[in-house]
Amino acid sequence: MVNNELNEIEDELFEHHRFEVPKGQAMLRIDKYLMHLIPNATRNKIQNAATSGDIYVNDIPVKSNYKVKPFDVIRILLSHPPFENRIDPEDIPLDIVYEDDALLVINKPPGLVVHPGHGNYTGTLVNGLAFHFDNLPLNSSERPGLVHRIDKNTSGLLVVAKTEAAMTHLAKQFEDKTTEREYIAIVWGNVKEDEGTIVGNIDRHLKDRMQMAVFPDGERGKHAVTHYKVLERLGYVTLVSCRLETGRTHQIRVHMKYIGHTLFNDERYGGNLILKGTTFTKYKQFIDNCFKTLPRQALHAKTLGFEHPTTKEYMRFDTEIPQDMVDCIEKWRNYTKTNTLVEEED
């Protein structure tokens, strides 16, 4: 079975090797250094990996002539999972919103990784699924039950297939873009238009492979469309609804940044900095308190709709916005009521 939608969403990197340079290490080219640490690795293979941008030192891609120094953290990140990657059943609690013989819908909490990868080979949703359910069908990436995924620090709804027929039918709906997916987000800045559509191809960032980026000319990446609508204006941030027409890696996070409205506290894309507002000390303290209240990107997969693979009935599930986001929104409401906002130039 081919699941194009899942492949599009899972454009990610997997950690194959990780080394921390010891205290007494003399400066040495990284290609020579790694030759002695990775079994069966030739210098040529290591140099090719560096040229491809697969070798990271302290989360920054380096070339083969980089000289390692004590306490450097070296990681080899590749687009396919390591061969030793396996799924061990773990007794992880699942918040099951709905279940029948064909599928289940789960409300994923923030902080839970959906499947093994990036060094997270245990403690994932898939490990929990393997514990609670037997013989779940494998998707095209050989992950049991998964039809789609959401990021670790994004909360919200996921549908999981329990049979081969359900997997095929649901995957086709995602591929055909007939599913309904609404996310709620807090973004930096006052979004001027009440609603709009963002169109821009998404691909791996040219300089930072841990990020995705928009390529509006269409020469790179995969077609991506996000529809947004303002729900509430809160001064220096805005509460928005985002509906996915396509499903690409980090799509909402990348598209909103592209139009100048990075997700609040999205560390990977710079949303953990004060991007809008004043220079007052009290304001900085307020933002810091908001970050502590919501220690993740402000994104929640609120609504999920699809046709049931067996009954053909349209099913629509909706969840409450999680408490950490609710508390952060309330803080902003109170702030805008009690403080004079400084108008910013475009």
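What is the volume of the largest cavity? It is about 190 Å³. The model is predicted.

**Cavities**

A search of the whole structure finds two cavities of 30 Å³ or more. The table sets them side by side.

| Cavity | Volume | Nonpolar lining residues | Polar lining residues | Charged lining residues |
|---|---|---|---|---|
| Largest cavity | about 190 Å³ | six residues | six residues | five residues |
| Second largest cavity | about 30 Å³ | four residues | two residues | one residue |

The largest cavity has 17 lining residues. Nearest its centre lie R149, Y183, L244, R248 and Q251. Strand β10 (180-188) and helix α6 (251-258) each supply at least two residues of this lining. The biggest share comes from α6, with three residues.

The second largest cavity is lined by H148, L157, R181, Y183, A301, T303 and L304. Two elements, β10 and β16 (299-307), give two or more residues to that lining. Here β16 gives the most, with three residues. Y183 lines the second largest cavity and is also among the residues nearest the centre of the largest cavity. Likewise, β10 supplies at least two residues to the lining of the largest cavity and two or more to that of the second largest.

**An open sheet**

Four strands form an open sheet in the order β1-β6-β3-β4, and the pairing is antiparallel. Strands β1 (14-20) and β4 (60-61) stand at the edges. Each has a single partner strand, so one side of each is left without a neighbour in the sheet. At the β4 edge, two bridges join β4 to β3 (residues 55-57). In one of the pairings, V57 has I60 of β4 as its bridge partner.

Technical notes:
Residues numbered from 1 in each chain as written. Predicted model: local features only at pLDDT ≥ 70, side-chain atom pairs only at ≥ 80, totals over all residues. Heavy atoms only, no water. Pairing = 2+ DSSP bridges. 1 Å grid on protein atoms, 1.4 Å probe; cavity = no way out; pocket = protein on both sides within 12 Å on 5 of 7 lines; lining within 4 Å. Points joined across faces, edges and corners; volume = space filled by probe spheres on them. Nonpolar A, V, L, I, M, F, W, Y, C, P; charged D, E, K, R; others polar.
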